[in-house]
Every structure is written in structure tokens, then in C-alpha cells.
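Colleague: I am new to this one and would like a close look at a single part. Please start there, then connect it to the rest.

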2 protein chains.
Amino acid sequence: MNKKNQDKKEIFELKSNQLTASKKDLSEWYNQLMLLADIVDDRYAVKGMAVWKPYGYKIMQNIKRRWDELFQNAGIQEVYFPLIVPIEYCEQNPSWWQGFKSEGFKVIAGTDNKIQGIIRPTGEPAIYPMYSMWVRSKNDLPIRFYETVNSYRYETKSTRPLIRTREISVWHEIHTAHATREEAEEEFQLHIKLWDELWKDLALPSFKVVKPIWECFPGAIGAVEYYSTTPNGRVMENGSVNNLGQAYAKKFNIKFKDEKGKEQYAWQICTGNGARLLGGLILIHGDDKGLIIPPRIAPIKAVIVPILFKGKEKIVLEKAKELSKELKEFDVYLDERKEKTAGEKFYEWEIKGVPLRIEIGPKDIEKDSFVLVRRDTGKKEIISNKDAKKKIKETLEDIQDSLLKKATEMLNSQIKDAKTLEEVKSNVKSGKISRVFWCKEGECYDKISETAEGLEGFGSDLEKKEEGHCIICNKKTKTKLYLAKSY
Amino acid sequence: MNKKNQDKKEIFELKSNQLTASKKDLSEWYNQLMLLADIVDDRYAVKGMAVWKPYGYKIMQNIKRRWDELFQNAGIQEVYFPLIVPIEYCEQNPSWWQGFKSEGFKVIAGTDNKIQGIIRPTGEPAIYPMYSMWVRSKNDLPIRFYETVNSYRYETKSTRPLIRTREISVWHEIHTAHATREEAEEEFQLHIKLWDELWKDLALPSFKVVKPIWECFPGAIGAVEYYSTTPNGRVMENGSVNNLGQAYAKKFNIKFKDEKGKEQYAWQICTGNGARLLGGLILIHGDDKGLIIPPRIAPIKAVIVPILFKGKEKIVLEKAKELSKELKEFDVYLDERKEKTAGEKFYEWEIKGVPLRIEIGPKDIEKDSFVLVRRDTGKKEIISNKDAKKKIKETLEDIQDSLLKKATEMLNSQIKDAKTLEEVKSNVKSGKISRVFWCKEGECYDKISETAEGLEGFGSDLEKKEEGHCIICNKKTKTKLYLAKSY
């Protein structure tokens, strides 16, 4: 990046080492915490590419570990495809390639600076030509692979760490290929279940919608998309499960001979999601004191802060060390720093959102107990040492549950049914996600989503419990369309 | 990559689904096994970039997990720096940038195809400008970070999967910064200890040498380099620990104010290694039947092959499933495939180098036992079910130990002292690593390493037990120089 480009980069700089933004000022609060809580440092001199700092990377790796477990237990195997997609692979997918000629990072090399290809903006153009090579007969199917990689887009809009970046990092994508449409459909349903699981671990509620067919990948049969919301009523796309049908198999020539010797194209499913998940949950949880990390993915589940009084330092530190060993399974961290006061330590660990704080001072030791403080509610409790493990386990579970419960309540309160276009407008204006009956026709879709500036339609609900009338054409329908503004 | 480049790519194709090469034909054996054992697929249409297949990737991730554990237990934290190094960072290291202008992959983007930077060929030009931003006072030190990434070089020599690639994958590098030279020196020694540990887990013996100062990074104080060997007496560079002194801190402006308010540059250590380790251990272990994966990093430590006789299928499969559950901790895999015979299964798992095979047939069930077969020695043993866990644990440990022992004996037998240049030549010709007394002067170094075509000097031993005379100038010395040909 040259000087001129650097000037254009929206560099965020902390004005102090304190969290000065309230959560009501969501963007500023988020940006300050990225640096203060050691999540990512966006000051790297390429727009939209940030350095993952130790604490943030550890949270992200914990999330990754959870999806590794979910996918691998379901028999989906981890692989890795190269970063550079050669031009000849791009050309197998001409409309895609046309789009990424300006939205992609191309690679030149050698003394003649010849274009070698494009840096992976999405997985399929690197992956599917190899699937085409690997699939010869029905015995080679199904293929059920995933990779966790970074993807790259020359994003021209303003970027936001973890959420809209040029280096889309710690991104997993699953690409499967099947002999029959039915098997692919089963796979599709499986992935919806797996993701529902993953979101629970993140204490991140979402609503999922069936995407209108014109918003699916070209030629695909259908897609379900997940959305998380922000406290200010915006909506964030957070992954999709796509039923590609045979569209990509035809483009990339993934075919096999069936029992009768007839050539058949494979049926495919693909899904993807990544660090946006962390962005989403950071926006949801947390308060004016800083982040709140859900216990299941917290790198440090409890921090021990010894309260040091003169003359009592040794006995307090000894006890703190003892407790830290006993509670090792909870990834406790003993903050022994001498140059910081207990108050300064409280402040820092609250910013980082460590779920539990353990305070031990001379008086606690006399009583053979310690003070346990919850990050989410601030509630303090005196715990007897003999109950330590049991109490910490229970409290962590309770924090996990109540974070999810609280966020689910918020989400539910954000979704508001509307009966007219005027209501849609005013709902969205007041920070709600609007839901209206819709006949599923494109024409009515356009009319609804043109209601207000910046408004987007996010597809229809999966539940279809009630019946009503399309608010545009009045046709009978069980489908509701979600509308909101994007974060 | 255009057609012309593709023609130049040395694509390796299997002629059959069988391992036809003997290990004596090392390169062909290695290439065949990359595909047959599901390690990597080199047929991806960019030279030197291969697809990691599930089995290979799992082994590599097991190796990574081990280094994560080693580094993190030593307090070194994992981070991630962006892929693209902007031109302005490159220009802080002009000699480096000059070199990579032709050896690197540059990135263009936007409608004007402006050069954005270079794809990370090594870590420091992305990392050190950020260190410069983070380090203000002594309190900001030490920084002890590592990342595991892929690096990219436009390698013009012929490539070899895992060993010489354009996408250097699953590569870890550690970069530290310290306030004093002494602290950096301690860190340097620590990393040598950590690596010695890692190599043991891989059952991969190595010899380590002090690099001559003229082969170290420009301005560095010193380096220790690790080499593994191949069965045909070649030598493979496999990582280095570098004491950078203040050279890079001066280039990248990593400095702090000391107690007296005087500006001081930081002292730095860096190290790196990656998938070459797997390449190295594959070359060492294995035989004409295929790979042998050391138990500590094997994704499957034992495979259960049920021996199915007509009418007895059900009882055999039931028993096999029971055993597979009981032995879960050993990552056992039950091969239930019906379309393959037991013999075909044996053949496949031997190729993949699974350390143990468990055979269960009707007769074994009658005797409440199973047959345990070692991959390394082929030795069969009848094990009573009640001893299963204990026996498998012991046998895996024994395989790990004996693989390391055997490889260490090979390494020791490969190193041969020489007293004359003629002896150096004939040692190397007969597949040995030659070692000679050397005065540590560059002039003598050149004379020794010019002895034979392709011969390289690899630096001097760390032990310095005996005294002798430099074979060129006859000066007294305790230092020996290692010489061999590179793989």
C-alpha cells in the first residue's frame, strides 16, 4: 500500500488507555475494545487487514476447536486447498471470475510479472476442479470436506474488524458432493443442525431464513441464511447453508458413471462462516465495562486477583497459587503483577470479559474462603474453599445459560410484525427487525424492500405457523419476510 | 497460471493404485506415497502448491498441536499477522525487498491494478513494524509471540511436496524482542531445548550446527541450524534458531527508553519450521510397504480389521465394535468396509503407516483375544482381551522409541570423520555426511566446500569435545565442519 492509500485507511486510534465509550455508542465502543481487550490491532498498514492479538486469537481458536469437533464428529474431514487460484480454474466459472477481476487480489510473479492467478476470494474455484479430478465413479462419493482458511476481497466499502474485512480470517467452509439429490438434501439438513449447536456454544442467538431463490448462488436450489442482530437493531449476515444442486458440478465437470454407465453430475452442498461469529457475539454481550466472553469459549474462565496487604503478601500469594492449581481445569489465570493495584486489575479483566473473578485477601484466608464475582451481573458471593470446584462449574454454566437467555430475549423483542409498509418503516426506524406476510413473489419483495432507504429483505421464516395475506398483493400466504438494516 | 506455465509444471501421476517403487528409489517412493497415503495431492494447477488431503492434514495438525503445547507452556503466545506485506513495510528492509522483488508473489488490486504489496515470504517485514508501534518502554518487553501461517516464494527450482514448495504451509515462526542481550540469549537457549523436545516426538533425529556468521541473517549475532538426513545420505535443512542481536530492531525501529531516558534498541530472537518436518520424517521412516507414522503424531494409532467368515460376520463385527469403543483413547479406526477384503485393507493401512493393526476373527473371539501386528517390525502377537489397553499402550511406546533409536543409529552411521579433502569427497560420494576439523575461517571454509560439486558446508558442531588441526591451514581447533549434499 502506498502513502496515498494509507491516507485513505480509516485508522482507529485509542485516545487513552481507558474505555471511554458507552455501549450506546456501539461503533466507538466496539473499536475501542478491539484494541483495549487485545482482540485485533487494525493499525496494520493494509486497509481491512488486522493483526490478531493473543487474547482475541485464543478466543477465535476456541471457537474453531468447537467447529472442528462438530464437523469431524459428523464425519466431515479437514483438508486445505492452496491460496492461489490459477486463471485456468477461474475461467471454468466465467461470471464469478468477471466479478472478482475487480473485487479480487490478483497475484503477479517472476521477472516478467505475469498474472499467476487470484488470491482465494471463495473456496469453490480452487476446490471443485480437484473434485472433478477425484470423482470417477459412485464409489468416490460422497466427498465431505471442510477447510479453515483466510479469504481475500478487495472490499471498497469502509471496513470493520472481524465483520467487514479484506482478509476474511479464520473462515471455515464445507464443500460436499453426493451421488443423489436426496443425499445432498440430508446433508443440507445436517448442517443446519450443526450450526444451531455452534451458535448455542457462542451464546449467540440468530434467526434463520430461507433465501429468495434470486438471492441464492447462480443455479442453486436453495439456501438458508443465518443472521445475528446488534443491540441497535441492525442485522448481520452470519453464514449460510447452500444447496447448490448440480449447478457447480456442471460448471466444474464433477461427474461420475452410474450403474447403467450413464454420466451423472454430482449434487453439492456448501456452507461457510468465520470470525464474523466473534464480531457478532462481541456486539451482543458486553456492557459499559467491556466485553463479556461466554464461558464455553473463554480462554480464561476465571482470573484470580490476590488482595495484598502489607505483611500478608506471602500467605495470600501462597493461597492464591494453591487455588490456581486446584482450579486448573477452568483455565484460571493468577494475576500476580506487582506494579498494578487490585483495582487496576479488576478494570483490565472486566474489559477483557473474563466470566469470573476470584478475590482472595487475608480475611478470606482466615475464613477458608474466597470472593467470587460474576462478570455478567457483578454479583459477589463468598465461597468456601471446599466448594470451590463445584461452585465455579455451576456458576460458569449459569453464566453461559443466562447470556444466551438474555440475548434470545433481546432478539425476540427486536422482531416485530408489521401489517403495512408504514409500520415496516417505523419499526425499522425504531431499531426493530420487521416481519410481514409475503406471497414469495419477486415483485412484491421489491416493493416491500424499497419502503425505506437502506432497508433489506432477508428472506422468509422457516416456521410458517400462521396464515395471513401478502401486504402488497393480498394473496393468502404462510410465509413471512424479514426486513431490517444491515450492520 | 497459463497453459505455458502448466506445461512446465512437473506433474506427478500415479501409474497404478499400487505402491510400485521400492524405498531405494527414494524420490519415486516419496512421490507415490504422497498420493497413495492421502498426504497431499500435487496435481493442483499451480506449481509447488498442493492440496492437503485429510490423512496428511491430520498428521500435520497433530504436529502443530504439539508445538502449540510446547510454545504456549513456555509462555510464548499465538498471534496472526496479515498475509499481505505493504510496500512501505518492505521498504524498511531494502536488501530483503530487493531479493523478493523477483522471488516473491506481488499483489495487484483495484481497477487500476496497483501493486498493494507482497504476499508474506517471511514473517519479519509484517511483524516488526507492529513491534515498533507496540514497544515504547521497557514495560512493553519482552514480546514473545509466534504464528503458524503459510509463506510464499516464487521458487524457480523444481519443487517437491512438503520439502520445497511455493506455498510453504503450516509454518510456525517465533519472533521475540527483549530489553537486554542476556535475556535474548536465554531465550535463544530455550528454543533449542523446545525444538529438541519436538524432534523427539517426531522420532526424527537431527544434527544441529552453529552456522558460520556469513551465512546468518545480515547483522545477526549467530544461529543454530537443524538438519535431518535422508536414507541416501543427503541432508535437509529443517529449521533454525536465530539470534538477531539488534540488527532488525535498528532496521524496523523497535526501541524503548531505559531508566535513564536513553533510547535503546531491542534484542531479538527468531525461529521457524513447518511441514518440512513431516517431509523429513516420512523420508526417514517407512519401507517398501509404505509409510510408518510415529505413534505420538499418528491420527490413527491402531486400525481394527475384522476377519469375516461366512455366517460369523455378525459376531465378529460386534466384538470389533466393542473393542473399538474400549480402545477409543488410542484413536482406533474400525475398518468395516464390505467391498474390500481383509488383505486389501492390510495393504492400504500399511501404506498409510498406521502403527498397529488389530485382527479379529471367529477363532480369536473363541479365545477371548485378538492378533496385534506392529507396522514397524511386522511382528504378530496374540493379545488377551483383558490386557488390551495395557498392551497397546506399551507397544505404541515401544514403536515410538524404537523408531527414534533406529533413525538415530542411521544418522550416527551417516556421519563420518575425514582427515583429508579426498576423504571428504569419497565420504560424500558413498552417501555419508563428512566432518572435518576446521579453523572457523572463511577462506578455509571455501576451500573445503569447493572440494566436490554440490557439496555444502553446514556449519560447525556444538560439542567441541576433541582437538585437532584444520585440514586446510593446519591451525589448532576444536571445531568440526559438517559437509554433505542437500536433498
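How many salt bridges does the rule find across the interface of domain 1 of chain A and domain 3 of chain A?

Modeller: Keep in mind that this is a predicted model. The rule finds zero salt bridges across the interface of domain 1 and domain 3 of chain A. Let us place the domains before looking at that contact.

Chain A is assigned three domains: domain 1 covers 3–284, domain 2 covers 295–404, and domain 3 covers 414–485. The C-alpha centres of domain 1 and domain 3 of chain A are 28 Å apart. The two domains do touch. Domain 1 of chain A brings 17 residues to the contact, and domain 3 of chain A brings 18. Together they bury about 1,300 Å², and 66% of that area is on carbon and sulfur atoms. Polar contacts are present, though. Four residue pairs are in polar contact between domain 1 and domain 3 of chain A, with both residues at pLDDT 80 or more.

Now take the domain 1 side. Two elements of chain A each give two or more residues to the side that touches domain 3: β9 (207–210) and β10 (222–229). The largest share of that side comes from β9(A), with four residues. By class, this side of domain 1 of chain A holds nine nonpolar, four polar and four charged residues. Charged residues are thus part of this side, yet no salt bridge is found across the interface.

Two local points in chain A are worth finding in the view. A:Asn474 is not a glycine, but its phi is positive, near 70°. Look for A:Asn474 in the loop between β23 (468–469) and β24 (476–477) of chain A. The other point is a cis peptide bond, from A:Leu141 to A:Pro142, with omega near -5°. A:Pro142 sits in the loop between α6 (124–134) and β7 (143–152) of chain A. Chain B has a cis bond too, joining B:Leu141 and B:Pro142, with omega about -5°. B:Pro142 is in the loop between α6 (124–134) and β7 (143–152) of chain B.

Next, the contact between the chains. Chain A puts 59 residues into it, and chain B puts in 58. The rule finds zero salt bridges across this interface as well. About 5,000 Å² is buried between chain A and chain B, 59% of it on carbon and sulfur atoms. The count of residue pairs in polar contact is 20, both residues being at pLDDT 80 or more. On the side of chain A that touches chain B, 33 residues are nonpolar, 14 are polar and twelve are charged.

Strands pair across the chains too. Strand β5 (106–109) of chain A pairs with strand β5 (106–109) of chain B, antiparallel, over three bridges. One pair to find is A:Lys106, which stands opposite B:Ile108 in β5(B). Strands of a sheet pair through backbone hydrogen bonds, in a parallel or an antiparallel sense.

Follow β5(B) onward within its own chain. Four bridges join β5(B) to β6(B), and the two run antiparallel. B:Ala109 has B:Lys114 in β6(B) as its bridge partner. β5(B) and β6(B) make a hairpin with four residues between the strands, where B:Gly110 takes a positive phi near 80°. Strand β6 (114–119) of chain B also pairs with strand β4 (84–86) of chain B, antiparallel, through three bridges. There, B:Pro86 stands opposite B:Gly117 in β6(B). So the trail goes from β5(A) to β5(B), then to β6(B), then to β4(B).

Chain B has an open sheet of five strands to visit last. The order is β16-β15-β17-β18-β19, with mixed pairing. β16 (333–334) and β19 (380–384) of chain B are at the edges with a single partner strand each, so one side of each has no neighbour in the sheet. Inside this sheet, β15 (302–306) and β17 (356–360) of chain B run parallel and are joined by five bridges. The bridge partner of B:Pro306 is B:Ile360 in β17(B).

Back to your question, then. Between domain 1 and domain 3 of chain A there are zero salt bridges by the rule, but four residue pairs in polar contact.

Notes: Residues are numbered from 1 along each chain as its sequence is written. Chains are lettered from A and ligands numbered from 1 in the order in which they are written. This is a predicted model: local features need pLDDT of at least 70, side-chain atom pairs count only at pLDDT 80 or more; totals for chains, interfaces and linings use all residues. Side-chain values use heavy atoms; hydrogens and water are left out. Contact means heavy atoms within 4.5 Å. Buried area is the accessible area (1.4 Å probe) that two parts lose on being put together, summed over both. A salt bridge is a side-chain nitrogen of Lys or Arg within 4 Å of a carboxyl oxygen of Asp or Glu. A polar contact is a pair of N or O atoms within 3.5 Å; within protein, one must be able to donate a hydrogen and the other to accept it, and residues adjacent in sequence count only if both atoms are side-chain atoms. Ala, Val, Leu, Ile, Met, Phe, Trp, Tyr, Cys and Pro count as nonpolar, Asp, Glu, Lys and Arg as charged, and the others, Gly among them, as polar. Two strands pair if DSSP finds at least two bridges between them. Domain bounds come from an automatic or database domain assignment.
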